[in-house]
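Visitor: Before the model is examined, a request: please give the reasoning behind each term that is applied to it.

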Amino acid sequence: MRRSADVVIIGAGVTGAALAYELARRGIRDVLVLERAFPCSGATGRCGGGIRQQFTTPHNIRLAMESVKRYETLSEELGVDIEFIQGGYLILAETEREREAQRQAVALQNELGLPSRLLTPREAKEVLPLLDETTIVGATYCPTDAHANPFRVVEGYLARARERGVALEKFTPVVNLEVKGGRIVRVRTCRGDVVPGVVVNAAGAWSGEIARMAGVELPNRPIRHEIAITEPVEFFMEVMVISIHNGIYFSQTVEGQIIGGIGDPEEKPGYDVSSSLGFLRRYARELLRYVPALGQLAVLRQWAGLYDVTPDAQPILGPTPGLENLIQANGYSGHGFMIAPKVAELLADYIEKDVVSEELACLSLSRFMGEVKGEAFVVG
Amino acid sequence: MTHRPSRVTGRAEDDPIVCRCEEVTLSEVVRAIRDGYDTLEELKRHLRVGMGPCQGRTCLPLLAHILSRETGRHLAEVMGEISVRPPLIPIPLDHWRGR
Ligand SMILES: Cc1cc2nc3c(=O)[nH]c(=O)nc-3n(C[C@H](O)[C@H](O)[C@H](O)COP(=O)(O)OP(=O)(O)OC[C@H]3O[C@@H](n4cnc5c(N)ncnc54)[C@H](O)[C@@H]3O)c2cc1C
């Protein structure tokens, strides 16, 4: 294992992998990725793979729009089929209040150039013919939203990064960070120490633990989210569906399986990732309410992962006040996969050229010092 | 279930199938291990072996043997790394909804 590196990235989820690739592409190759288990073992390998741009804050919308542009050509760029399906996202609303929130969201999204639009229940049924349109009062739809396979994305990023000289050490947890004179001088792992140039905290739901090793408190909380996958059926939906009413999301993989989950507003912060029957019941009930025809489909597997949730449901990116060489890249609050390509560019700009973009400035850790206004649509 | 055409065209003697649900052959498994996917959990995610309707009942023990042989690690150690995800047999959504 290398004993020093210009950039030490902690965590080989989509964030760490995308950044390693983006740095290597720009010629910064002395990069070491330290991963406690194996790539995708955190939230990335457990996620729904949804790529949505229909958000309610300008930052989330812009980050997602820029990322979709990269995702559209990522299979060719990485030489790996990332199973990108650009079938749009259909967002269901069941109450007038939700409808009003959608009107405002679409107005903002359109202002920023996103082709999202309001649909009547009947129009929603045209997008998803198996939908029981009597369950909703309306929907929104954005045809350029998409989904992809997170394993393929991370494999592609890491393969191309490693070709250019990036080193990946799996089964190598970081156990401590040694701070001297306002910077991290040593990264301690279970397999020896590394002297870093800069350190990137891309440890997802565990980023709070990493920050604490350097004496920094993050406001992030780990929240369990459960998810399930069915046996495959004939391909019938390109669109990914979510509901702001109950937090359900579901899509169909290229293999034909229905993958989806539903948030639980009662879930308490913690690191437990066990699976529950309660989840499966709630998910099945809500899914079949919207799409009754799926009742005979068998559930093959269920599992859970952790959202890394911040007070405003937006990520924490960029420099750490008081520690000159610790860079935050966490707090994705359940939508880190979809914005990873653009976030990697912004962080690489910062590491390479010391450029702090408007996004980084607004999404830095220091924003939690004042009043906080956040993302309203925290789904999949 | 979908009836997608089988990808497997070779003869079983040359390259036997290790995972029937996902149609993964021995040579694909060996190549993946040599590419660095050298734990059962990583193989599963990379090749989708053991992710089909049988839930890995047949193929995971086979995989463990191949992995142990390729890496020289003890079989028990290799097997110990696998996580089990419920439900153990496929059960329709209708059942979970409760009627
Ligand atoms: C059920 C579920 C569904 C989701 N659906 C979607 C979706 O549809 N679309 C979307 O965009 N997002 C979705 N998300 C969110 C998304 O998965 C995450 O935002 C994203 O994967 C975060 O990636 P990451 O690389 O930052 O973190 P992670 O993938 O969690 O990676 C962090 C890595 O750090 C490693 N690590 C931790 N501690 C240490 C240590 N001490 N030393 C070394 N390494 C360490 C971990 O092992 C892990 O591999 C979902 C999440 C869940 C749980």
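Guide: In this predicted model, a backbone N or O atom of A:V14 lies 3.1 Å from an oxygen atom of the ligand.

Visitor: What makes the approach of A:V14 to an oxygen atom of the ligand a polar contact?

Guide: A polar contact is a pair of N or O atoms within 3.5 Å. The pair formed by A:V14 and the ligand oxygen lies at 3.1 Å, so the pair satisfies that definition. A polar side-chain atom of A:T44 lies 2.5 Å from a ligand oxygen, and a polar backbone atom of A:F337 is 3.1 Å from an oxygen atom of the ligand.

Visitor: How much of the ligand does the protein bury?

Guide: Taken alone, the ligand exposes 1,000 Å², and the protein buries 98% of that. In chain A, helix 1 (14-25), strand 12 (221-232), strand 16 (298-309) and helix 9 (336-353) are the elements that give two or more residues to the shell around the ligand.

Visitor: How many residues surround the ligand, and which are the closest?

Guide: The ligand is surrounded by 38 residues, and A:T15, A:E35, A:T44, A:G336 and A:M338 are the closest. By class, 19 residues of the shell are nonpolar, 16 polar and 3 charged.

Visitor: Why is the ligand said to lie between domain 1 and domain 2 of chain A?

Guide: Domain 1 (4-46 + 151-219 + 312-369) and domain 2 (87-143 + 221-309) of chain A both give residues to the shell around the ligand, so the ligand lies between them.

Visitor: What is the volume of the largest cavity, and which residues are closest to its centre?

Guide: The largest cavity holds about 430 Å³ of space. Its lining has 29 residues, of which A:N149, A:F151, A:I229, A:T253 and A:I259 are the closest to the centre. Helix 6 of chain A gives the most to this lining, with 3 residues.

Visitor: Why is the largest cavity, too, placed between the two domains?

Guide: Domain 1 and domain 2 of chain A both give residues to the lining of the largest cavity, so that cavity lies between them.

Visitor: What makes up the lining of the second largest pocket?

Guide: The second largest pocket has a volume of about 810 Å³. Of its 30 lining residues, those closest to the centre are A:R152, A:E155, B:Y37, B:H46 and B:L47. Helix 6 of chain A gives the most to this lining, with 7 residues. By class, the lining of this pocket divides into 12 nonpolar, 2 polar and 16 charged residues.

Conventions:
Residues numbered from 1 in each chain as written. Chains lettered and ligands numbered in written order. Predicted model: local features only at pLDDT ≥ 70, side-chain atom pairs only at ≥ 80, totals over all residues. Heavy atoms only, no water. Near = heavy atom within 4 Å. Polar contact = N/O pair within 3.5 Å; in protein donor to acceptor, adjacent residues only side chain to side chain. Areas by Shrake-Rupley, 256 points an atom, 1.4 Å probe, with all protein chains shown as cover. Helix = DSSP H or I, 4+ residues; strand = E, 2+ residues; numbered from the N terminus. Nonpolar A, V, L, I, M, F, W, Y, C, P; charged D, E, K, R; others polar. Domains from an automatic or database assignment. 1 Å grid on protein atoms, 1.4 Å probe; cavity = no way out; pocket = protein on both sides within 12 Å on 5 of 7 lines; lining within 4 Å. Points joined across faces, edges and corners; volume = space filled by probe spheres on them.
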